[in-house]
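This briefing covers a few helices, the nonpolar cores and some single residues of one chain. Please read it alongside the sequence and the structure shown here.

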Amino acid sequence: MTATAQRLARAYLLRVAEPPAPAVYRLVDELGPVEAAARVRRGAVPGAVATETAARREVDRARRDLDDAAEQGARLLTPEDDEWPAWPLLSLEVAAGRGIPGMAPPIALWVRGPAPLDDALTSAAAIVGARAATDYGETTAAEFAYELAEAGTTVVSGAAYGIDGAGHRGALAASGTTVAVLGCGLDAGYPAGHVGLLNRVATRGAVVSEYPPGTQPARHRFLVRNRLIAALTAGTVVVEAGRRSGARNTATTAGLLGKVVMAVPGPVGSALSVGCHHLVRESQATLVTSAADVLETVGRVGTGLTRKREEPRRQTDGLDAESLRVFEALPTRGGRSADEVATDSGIALTRVRGLLPVLELDGLARRSEAGWRRAGHDGAGRAR
């Protein structure tokens with residue numbers, strides 16, 4: 001069985017079976033793609049497979065689809081390829097095995113872009129939200145994506161208007177990797193206003209779809225696509241969402257797959273924050289207010305992201321308890337003798353005499369004719 005035969009078989013099955021196709025996936029898993037495709041063509045398949053393939057089983061455009069994709073700079077990625085993101089997609093297989101409807105893994109994926117998908121998804125987070133987003137929502141999504149990308153995390157989203165697009169743009173602005181998952185063919189040009197953005201994503205990351213060339217967008221395909229966004233990432237961040245929305249659907253799917261769900265709070269009067277607040281209130285999502293929160297929540301502690309706006313570093317951070325007491329006993333103006341510092345701090349004089357020069361070397365204390373005082377202040381007590 002050649003790699004070409006396997007690729008042609010999977011390309012054929014992607015067109016004849018509308019995703020998700022759990023019965024076809026199980027048949028391929030049992031027989032292999034070549035034999036499964038041959039049986040589908042003949043109609044010699046179990047009833048569930050026949051139901052999923054009856055309408056299109058005579059439509060064999062596999063070779064043409066592969067040629068069309070190649071002309072567009074795309075490739076068909078299959079489970080037989082080293083680049084296949086097997087680990088993230090395992091969550092779909094597990095969910096399908098538990099009987100959760102609509103959770104079958106993809107038979108293959110059409111991909112445009114240079115990023116090896118398995119590498120890109122080693123550390124990945126989804127950013128999703130409302131299409132008709134507010135300025136607050138888009139700014140927040142872009143900032144989160146920028147900082148996540150700077151920390152080496154791939155940003156995954158659905159390339160829709162609003163929050164999705166802001167997430168992709170934020171990652172690109174940081175020269176990071178971003179992956180767009182579509183609910184139509186890679187050549188559909190949808191959404192029209194994001195064709196340029198998708199081209200930029202394809203220069204640094206990847207644009208991905210289960211749907212063969214020429215497949216037009218449809219509402220049900222976006223809902224099916226959402227399971228891939230949830231599965232391919234360690235966690236999903238919902239930035240803005242109404243009570244009923246595609247973003248809520250992605251969050252629900254992520255929860256079913258055992259992935260982390262996070263939500264960004266917004267103005268209490270905003271209809272586009274209702275979904276986020278509901279997720280948090282119902283304990284379906286963890287509240288996050290920064291990219292650092294996201295990385296901590298999905299288990300990526302120590303990535304280099306700081307919380308400068310939330311937890312400013314003080315000049316005394318790192319001092320042990322005795323050094324801190326000696327420092328706090330120093331005046332901001334004038335001066336004190338070592339004896340006075342010892343009395344005020346409650347630290348033995350011999351220890352104080354040893355700590356003061358160390359504080360001076362650290363730039364925290366200064367010795368003058370008047371005695372010891374804190375560094376960084378002039379004689380009138382004003383900070384320099």
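Two residues are in contact when heavy atoms of theirs lie within 4.5 Å. Leaving aside neighbours within four places in sequence, Val24 is in contact with Leu13, Ala17, Val49, Glu52, Thr53 and Ile107. The model is predicted. The points below take up the cores, helix α5, the pairing of α15 with α17, and three single residues.

**Nonpolar cores**
- The largest nonpolar core has 38 residues. Leu13, Val24, Val40, Trp110 and Val207 are the residues with the most contacts inside this core.
- Two or more residues each come from α1, α2 (22–31), α3 (33–42), α5, β1 and α10 (195–204). Helix α1 provides the largest share, seven residues.
- Another core, of 35 residues, lies apart from this one. Val128, Val156, Ala231 and Ala263 are among its residues.
- In soluble globular proteins, nonpolar side chains tend to be buried together.

**Helix α5 (residues 62–71)**
- The buried residues of helix α5 are Ala62, Asp65, Leu66, Asp68 and Ala69. Viewed down the axis of α5, these buried residues fall within an arc of 165°, so they line one face of the helix.
- An α-helix has 3.6 residues a turn, so residues three or four places apart point the same way.
- Arg63, Arg64, Ala70 and Glu71 are exposed, on the face of α5 turned away from its buried side.
- The packing partners of the buried residues of α5 are α1 (3–16), β1 (74–77) and β2 (109–112).
- Gly73, just after α5, has a positive phi of about 80°.

**Helices α15 and α17**
- Helix α15 (residues 321–328) packs with helix α17 (residues 349–361) at an angle of about 80°, and their axes are 10 Å apart. That angle makes α15 roughly perpendicular to α17.
- From α15, the residues Glu322, Ser323, Val326 and Phe327 meet Arg351, Val352, Leu355, Leu356 and Leu359 of α17. By type, the residues of this contact are six nonpolar, one polar and two charged.

**Glu322**
- Glu322 lies in α15. Glu322 counts as partly exposed because its relative accessibility is 32%.
- Not counting residues up to four places away in sequence, Glu322 touches Ile347, Arg351 and Leu355.
- Glu322 and Leu355 are 33 residues apart along the chain, and their C-alpha atoms are separated by 8.5 Å.

**Ile347**
- Ile347 is in the loop between α16 (338–345) and α17. With a relative accessibility of 6%, Ile347 counts as buried.
- Outside its neighbours within four places in sequence, Ile347 is in contact with Glu322, Arg325, Val326, Ala342 and Val352.
- From Ile347 to Thr2, 345 residues apart in sequence, the C-alpha to C-alpha distance is 79 Å.

**Thr78**
- Thr78 belongs to the loop between β1 and α6 (86–97). At 2% relative accessibility, Thr78 counts as buried.
- Leaving out its neighbours within four places in sequence, the contacts of Thr78 are Arg7, Arg10, Trp84 and Ala108.

Note on methods. Residues are numbered from 1 along each chain as its sequence is written. This is a predicted model: local features need pLDDT of at least 70, side-chain atom pairs count only at pLDDT 80 or more; totals for chains, interfaces and linings use all residues. Side-chain values use heavy atoms; hydrogens and water are left out. Buried means under 20% relative accessible area, exposed over 50%, partly exposed in between (1.4 Å probe, protein chains only). Helices (H or I, at least four residues) and strands (E, at least two) are DSSP runs, numbered from the N terminus. The arc is that of the directions from the helix axis to the C-beta atoms. Axes are lines fitted to C-alpha atoms, for helices over the stretch in contact, and angles run from 0 to 180 degrees between N-to-C directions. Angles under 35 degrees count as roughly parallel, over 145 as roughly antiparallel, 65 to 115 as roughly perpendicular and the rest as oblique. Ala, Val, Leu, Ile, Met, Phe, Trp, Tyr, Cys and Pro count as nonpolar, Asp, Glu, Lys and Arg as charged, and the others, Gly among them, as polar. A nonpolar core is a set of buried Ala, Val, Leu, Ile, Met, Phe, Trp, Tyr and Cys residues joined through side-chain atoms within 4.5 Å.
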